[in-house]
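Dear colleague,

I am handing over the structure below, followed by my notes on it. Please read them with the model open.

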Amino acid sequence: DAAALRAASEGMDAIALMLPAFGNPAAQPTYLQNAIAAARDAGVGLLVYNTSGPVIPQRIGHPMYDSRHDVLDALRGSGIPTIVIQPTVYLENLLG
């Protein structure tokens, strides 16, 4: 929700951003653009993006992995300083 993101971003120095890894990958660009616009409008100085897993060096045709490249491209183009955290695996995933 763009309006809710704008309200939540007001007065923030930094925003931690994590997009859903499952569900509808086609919705990720909208979520991302809403978050970037909210951060920009609020004057946020830093975005910290958690990729939720590894970023494979090249696109492989799988939406979950390829969308991470799209997110990184959009963050680079946002003009907002960004830190990217790339966990290789969450230990709780090993419990499954």
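Two strands count as paired if DSSP finds at least two bridges between them. With that in mind, V48 has I83 in β3 as its bridge partner. From β2 the chain crosses through α3 to β3, and this β-α-β crossover is right-handed. Please note that this is a predicted model.

Overall layout

The secondary structure of the protein chain amounts to 3 helices and 3 strands, and along the sequence they follow the pattern α-β-α-β-α-β. The C-alpha trace spans about 40 × 30 × 25 Å along its principal axes. The radius of gyration is 14 Å, which agrees with the value near 12 Å for a compact globule with 96 residues. Buried residues account for 34% of the 96 residues. Of the contacts between residues at least 6 apart in sequence, 72% join residues at least 24 apart.

The sheet

In what order do the 3 strands form the open sheet? The order is β1-β2-β3, and the pairing is parallel. The edge strands are β1 (14-17) and β3 (82-85), each of which pairs on one side only. From one strand to the next, the twist averages 15 degrees. Helix α3 (residues 63-77) packs on this sheet and touches β1, β2 and β3. The direction of α3 makes about 170 degrees with that of β2.

The pairings can be taken one at a time. β1 and β2 run parallel and are joined by 4 bridges. Strand β2 (residues 46-50) pairs with β3 in the parallel sense, over 4 bridges. Y49 can be used to follow the pairing through the sheet: L17 stands opposite Y49 in β2, and the bridge partner of Y49 in β3 is V84.

In a regular strand the side chains alternate between the two faces of the sheet. The side chains along β1 do alternate. I15 and L17 point to one face and are buried, while A14 and A16 point to the other and are not buried.

The first helix

At the start of helix α1 (residues 2-9), a side-chain oxygen of D1 comes to within 3.2 Å of the backbone nitrogen of A3. A8 is placed in helix α1. Is A8 buried or exposed? The cut-off for exposed is over 50% relative accessible area, and A8 has 52% relative accessibility, so A8 counts as exposed. A8 and T88 are 80 residues apart along the chain, and their C-alpha atoms are separated by 29 Å. Just after α1, G11 has a positive phi of about 80 degrees.

The loop between β2 and α3

Two residues of this loop are worth listing. T51 is found in the loop between β2 and α3. Buried means under 20% relative accessible area; T51 has 2%, and therefore T51 is buried. Leaving out residues up to four places away in sequence, T51 touches R68, V84, I85, Q86 and P87. One of these, V84, is also the bridge partner of Y49.

Q58 is placed in the loop between β2 and α3 as well. Q58 has 46% relative accessibility and counts as partly exposed, whereas T51 is buried. The C-alpha atoms of Q58 and E10 are separated by 36 Å, with the two residues 48 apart along the chain.

The loop between α3 and β3

P81 lies in the loop between α3 and β3. Which residues does P81 touch, not counting those up to four places away in sequence? They are G45, L46 and L47. P81 has a relative accessible area of 48% and is therefore partly exposed. The C-alpha atoms of P81 and D70 are separated by 17 Å, and the two residues are 11 apart along the chain.

Regards

Technical notes. Residues are numbered from 1 along each chain as its sequence is written. This is a predicted model: local features need pLDDT of at least 70, side-chain atom pairs count only at pLDDT 80 or more; totals for chains, interfaces and linings use all residues. Side-chain values use heavy atoms; hydrogens and water are left out. A polar contact is a pair of N or O atoms within 3.5 Å; within protein, one must be able to donate a hydrogen and the other to accept it, and residues adjacent in sequence count only if both atoms are side-chain atoms. Axes are lines fitted to C-alpha atoms, for helices over the stretch in contact, and angles run from 0 to 180 degrees between N-to-C directions. Contact means heavy atoms within 4.5 Å. A crossover is right-handed if, with the strands pointing away from the viewer, the path from the first strand over the helix to the second runs clockwise. Buried means under 20% relative accessible area, exposed over 50%, partly exposed in between (1.4 Å probe, protein chains only). The radius of gyration is taken over C-alpha atoms; the globule rule is 2.2 Å times the number of residues to the power 0.38.
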